[in-house]
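Me: I should like to learn how to read the features of a structural model in order. Could we begin with the chains and end with the surfaces at which they meet?

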Amino acid sequence: MATHMAEPAAGGADTAIEHLTIEDRIWLLRAMLLMRGLEERAMSLYRQGRVPGSFYDGYGQEAVSAGAAFAMGPKDRLCILHRDLAAHLIRGVTPARILSQYMGRAGGITRGRDGNVHFGDRKLGCVGMVSMLPDMMLVATGMAMAFKLRGEKRCAMTWFGDGSTSRGDFHEAMNWAGVQKLPVVFVLENNQYAYSTPLDKQFAVDPVERAAAYGFVGVTVDGNDVEAMFEAGRAARERALAGDGPTLIEAVTMRMHGHAAHDDMKYVPKEQVEEWRKRDPIERQEARLRSAGVDIDALRASIKAEIDAAAEEALAGPMPDPATAVDGVFCEGEAEPLGDGHAPWSGFASNGGDV
Amino acid sequence: MSSSPTDVLVDVTMPQMGVSVAEGTVVGWRVEPGDRIEAEATIAEISTDKIDTEVPSPTSGVVAEILVPIGETVEVGTVLARIATGGNGVRQSPAADKPQPLDGGDAGPAATETPSPTSPQRPAATNGDRRYSPVVQRIAAEHGIDLSQVPGTGRGGRVRKQDVLAFVEAAPAEEPPLHTESPYRPEPVAPAAAVAPAPVVDGGLSRMRRQIGQHMKRSLDTAATCTTWIEVDMARVQSARTRLGVTALAFVSRACIDAIREHPAMNAWLEGDRYTRHADVNLGIAVSLGDDGLIVPVIPRAHELSVEGLAARIKDIAGRARSRQLTPDDVQGGTFTITNPGQYGSIMATPIINQPQVAILDFEAVIKRAVVVTDADGNDSIAIRPMTILGLSWDHRALDGAVAARFLASVKRNLESVS
Amino acid sequence: MPTLTYLQAISSALRDELRADDRVLLMGEDIGVFGGAFKVTDGFVDEFGTDRVMDTPLAESGIIGTAIGAAVVGMRPVCEMQFSDFISCGFDQLVNVAGKMHYRQGLAVPLVVRLPSGGGFSGGPFHSQNPEAWFMHSPGIKVVAPSTAEDAKGLLHAAIHDPNPVCYMEHKHLYRRVKGEVPSGVFETPFTARVAQPGSDLVVIAYGAMVPVALEAVSDGLDGASVEVLDLRSLVPLDEEAILDSVERCSKVVIVDEANATCAAGAQVAALIAEKGFESLDGPVVRVATPDVPIPFSPPLEQAVLPGVDRVREACRELLAY
């Protein structure tokens with residue numbers, strides 16, 4: 001049985017142009033540059049001993065989260081995973097809070113209660129991930145279920161990896177979403193490896209084909225083309241809001257760093273890494289925008305300044321007070337639902353922001 | 001170029017590359033002491049169990065010293081090198097926010113504290129073959145009961161809670177007098193009706209009795225105890241207390257507190273060589289527990305209370321003492337004690353000082369006597385006045401007879417000028 | 001005041017909540033059209049529709065996980081596990097996603113999981129469990145266990161109103177055997193213990209189906225002794241004050257657990273008493289519990305392991321005499 005390897009489908013970017021203004025396209029690059037810059041800075045801090053625990057990044061797959069999240073509206077809800085930092089940035093989480101979160105400071109989103117990317121700003125409509133990764137697929141399905149029951153024109157988006165497709169919750173979520181025809185977008189980040197496990201040890205069938213098995217549409221997208229990712233997300237959202245059910249987007253990409261900072265990925269063939277380096281998502285978007293006359297260097301400089309300021313702010317922040325370690329296990333007041341996030345895509349502005 | 005004394009030195013430390021990694025080896029240095037380096041530029045290369053990687057410099061500056069040579073393996077957090085940044089101030093180290101080790105460390109705020117037993121005086125937990133459960137011991141201590149006297153109806157003759165409670169109830173129910181009044185009793189007490197001779201008690205003293213005895217003996221052995229007496233005309237106190245509805249003891253307490261203001265030497269502790277005078281007057285009032293003994297609960301900061309306030313507090317602590325509801329805090333911290341056993345008509349005593357205090361005042365009966373009074377013109381006559389004799393035992397190590405006498409004179413003056 | 005069975009009281013609570021609050025949603029297998037395996041939701045679909053009384057796919061993790069999603073966007077889902085035993089299939093979602101969410105992210109998960117528990121009817125190892133201890137041990141989850149019809153309704157209302165995940169342990173054995181007066185309408189029973197019967201010589205501490213067992217065991221007076229029965233009602237939070245008050249007055253304690261003995265709820269109560277009630281004890285803390293075995297199917301085997309009236313009575317007698 002042939003397994004689907006690193007061959008991304010063509011297309012997607014052409015249709016995207018219809019829906020993206022030049023500002024949108026710059027925004028997409030900004031989100032990716034900020035994600036990569038922040039993760040590089042955080043990695044440096046990690047090597048300086050200032051980031052406790054483990055450190056994970058999405059180097060080389062920034063387009064998967066930047067593109068898909070950019071298609072989400074303010075009232076949509078997101079379950080974001082550990083290599084999807086751009087999604088948090090697009091929703092409005094600030095770089096300083098992210099670095100504080102990595103360093104376990106009181107100013108982090110979880111105030112030191114969970115580490116690295118295990119965070120979600122509930123006020124911006126993001127649910128914080130758990131380490132049992134595909135669990136979040138069911139939460140997103142449940143959010144979509146509520147939207148449908150209440151007749152609301154909103155959707156939920158959830159990210160997960162190739163490894164997650166082997167677990168029961170993947171199947172329960174896909175099945176549930178298909179049976180109830182729910183407005184949920186499943187973004188499968190096929191980055192070729194789950195820690196050290198390659199695809200041919202993970203599944204016998206390319207998971208995009210599983211969508212049909214559960215009764216809905218599955219599409220394969222070049223995960224390193226941020227505009228194609230946006231288009232796939234936008235189309236999936238449109239389908240969801242029209243009442244036509246879920247979509248599985250298989251974003252084909254490559255994890256360019258190890259599983260975590262402590263993994264040097266020696267099990268990945270050098271040629272594979274080299275081949276994917278040529279398809280770097282940031283370089284590709286920069287090339288597009290350069291030919292559209294955008295000043296890339298100025299953009300990069302402003303991102304660097306933003307990150308420097310964020311690092312300074314985060315480093316100045318206090319560690320959490322140990323006396324608070326046992327607080328907040330239970331909610332003592334009213335249960336507040338998730339709030340709305342930012343949605344910078346111009347398509348939302350022209351629709352009055354209420355798409 | 002070496003660092004100047006005003007340079008800020010920033011540490012470069014061995015990072016933790018992965019949750020389970022505890023050490024790393026330096027495999028390369030990109031700099032030598034004296035080299036300039038920029039922040040984020042690679043300064044060293046390290047190797048760990050999980051990964052080989054580069055260490056970026058935490059700051060810009062000049063390398064001041066390299067502490068760990070190539071090939072050496074050190075623990076996570078060890079300072080590898082120092083960089084001088086040319087600023088003034090305290091040396092900085094990222095160790096301030098270094099992650100704590102995952103195992104070890106404090107128990108943290110969630111650790112529960114082991115409770116300490118609250119009752120200071122306990123009968124023995126075992127007596128030969130007998131063992132006593134916590135609740136049985138507690139009840140016995142509260143009532144001063146010797147558990148060896150209590151018959152047990154539990155398994156194997158065990159003393160159950162019901163057994164010790166029954167024992168308490170069967171004990172003579174006579175209410176011990178409140179050790180606080182000294183009413184006027186001019187007539188002798190009527191002789192008691194003829195009773196059979198009291199049975200011989202032959203079983204040793206109760207634990208509480210023994211403890212009190214030890215405390216008294218220790219006091220006499222420690223202090224150089226002397227006693228001084230003074231007579232006081234209580235007429236004004238008698239009329240005031242009738243008017244206010246409070247005990248004479250409350251007036252005596254207030255008078256002592258005021259006198260202590262003038263003679264602070266009376267309100268002190270002497271423990272071995274350590275002598276402490278106290279600003280607060282924490283007033284101990286001796287309360288009798290009947291045959292079982294004596295206890296001295298303390299009114300803290302008694303100087304803040306009026307006569308009525310003192311009367312209320314005295315009533316409260318005496319009541320709680322008798323119903324065994326005093327806490328350890330209630331009997332601590334006293335700086336001066338008053339004992340008032342005047343119920344039966346005795347007129348003088350030689351009280352024993354309550355260690356580590358330096359004085360104790362004894363207030364006995366108020367008795368109508370014929371005394372000489374002098375009028376404003378200097379004419380003497382005989383009058384009938386309610387008189388009492390106040391006795392002050394005091395520690396000659398801490399003060400002299402003159403001080404004691406002056407104190408008593410102040411108390412007398414205060415009581416005789418009550419309005 | 002109407003007299004309802006324990007099961008009718010549960011139905012009544014669910015019905016009143018569905019009427020009073022648009023956000024309430026029932027989810028479970030076979031609860032809609034079929035009316036539920038035990039008929040708790042019989043007839044509900046006619047009044048509330050299949051959207052609000054949802055027949056889910058056979059997916060316990062799916063039920064809990066989607067309920068979490070619905071809860072964080074403003075609904076009040078009440079999930080049913082057809083048998084409490086099946087919660088193990090949804091354990092991960094309940095413990096790792098729901099239980100930890102507020103502590104980590106400040107995001108409340110107002111979720112109720114109804115867990116029909118307990119044995120005594122030859123249900124065998126997979127239909128007879130009392131799994132509450134697993135969730136007492138998981139931070140962020142509350143656990144309640146009614147023993148009377150009134151508490152069955154009041155605790156369920158309170159659980160649905162609570163902004164946290166709550167495991168509601170409804171005991172199958174009590175469904176039709178326990179009746180009582182139950183107030184109408186929406187009312188809350190607090191998450192505290194209740195003195196089912198006051199006493200002074202010994203206290204039997206129990207919850208769920210073991211409360212009627214305890215009451216029966218001490219009903220013949222036990223040679224004139226005055227025995228208290230304390231119904232815990234709430235396991236998380238555990239009513240420490242009530243437990244220690246009973247212990248102080250009675251000094252002798254028998255704890256009854258239908259769950260497997262090791263690390264059961266009663267073990268936590270015993271530890272609490274040893275730590276904070278030591279000074280009041282006149283005897284060892286005695287536990288009567290099911291031994292650490294899967295619940296067997298054949299009646300003589302099942303009766304031998306579950307704590308019955310005779311075992312409880314015997315334990316009380318022995319401790320009273322100590």
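Reply: Helices and strands are DSSP runs, numbered from the N terminus, with at least four residues for a helix and at least two for a strand. By that count, chain A of this predicted model has 13 helices and eight strands.

Me: How is the overall form of chain A to be read, and what radius of gyration would a compact globule of 355 residues have?

Reply: One sets the radius of gyration over C-alpha atoms against the globule rule. A compact globule of 355 residues would come near 20 Å, and chain A agrees because its value is 19 Å. The C-alpha trace of chain A spans about 50 × 50 × 45 Å along its principal axes.

Me: What share of chain A counts as buried?

Reply: A residue is buried if 20 or more other C-beta atoms lie within 10 Å of its own. In chain A, 58% of the 355 residues meet that criterion. Sequence separation adds to the picture: of the contacts in chain A with a separation of 6 or more, 79% are between residues 24 or more positions apart.

Me: How does one check the length of a helix, taking helix 6 of chain A as the case?

Reply: The expected span is 1.5 Å times one less than the number of residues. Helix 6 of chain A, residues 135-149, has 15 residues and should therefore span 21 Å; the C-alpha atoms at its ends are 22 Å apart, which agrees. Of those 15 residues, 14 are buried, so that the helix is mostly covered. After helix 6 of chain A comes A:Gly151, with a positive phi near 70°.

Me: Which residue follows helix 9 of chain A, and how many residues of helix 9 are buried?

Reply: A:Gly243 follows helix 9 of chain A, and its phi is positive, near 85°. Helix 9 of chain A, residues 226-241, is mostly covered, with 13 of its 16 residues buried. From first C-alpha to last, helix 9 of chain A reaches 22 Å, close to the expected 22 Å.

Me: What does the secondary structure of chain C come to?

Reply: Chain C has 11 helices and 14 strands. Its radius of gyration is 19 Å, close to the 20 Å that the globule rule gives for 322 residues, so chain C is as compact as a globular protein of that length. The C-alpha trace of chain C spans about 60 × 40 × 40 Å along its principal axes, and 60% of its residues are buried.

Me: Into which domains is chain C divided, and how many residues of each are in contact?

Reply: Domain bounds come from an automatic or database assignment. For chain C they give domain 1 (3-181) and domain 2 (194-321). The C-alpha centres of the two domains of chain C lie 26 Å apart, and 26 residues of domain 1 are in contact with 23 residues of domain 2. The elements that each supply at least two residues to the domain 1 side include helix 6 (149-161) and strand 7 (166-171) of chain C. By class, that side has 12 nonpolar, 11 polar and three charged residues.

Me: Which helix of chain A gives the most to the side that touches chain C?

Reply: The contact joins 37 residues of chain A to 31 residues of chain C. Helix 6 and helix 7 (168-180) of chain A each supply at least two residues to the chain A side, and helix 6 of chain A gives the most, with 10 residues. The chain A side divides into 20 nonpolar, eight polar and nine charged residues.

Technical notes
Residues are numbered from 1 along each chain as its sequence is written. Chains are lettered from A and ligands numbered from 1 in the order in which they are written. This is a predicted model: local features need pLDDT of at least 70, side-chain atom pairs count only at pLDDT 80 or more; totals for chains, interfaces and linings use all residues. A residue is buried if 20 or more other C-beta atoms lie within 10 Å of its own, exposed if 12 or fewer, and partly exposed in between; C-beta atoms are placed from the backbone. The radius of gyration is taken over C-alpha atoms; the globule rule is 2.2 Å times the number of residues to the power 0.38. Two residues are in contact if their C-beta atoms, placed from the backbone, lie within 7 Å. Ala, Val, Leu, Ile, Met, Phe, Trp, Tyr, Cys and Pro count as nonpolar, Asp, Glu, Lys and Arg as charged, and the others, Gly among them, as polar.
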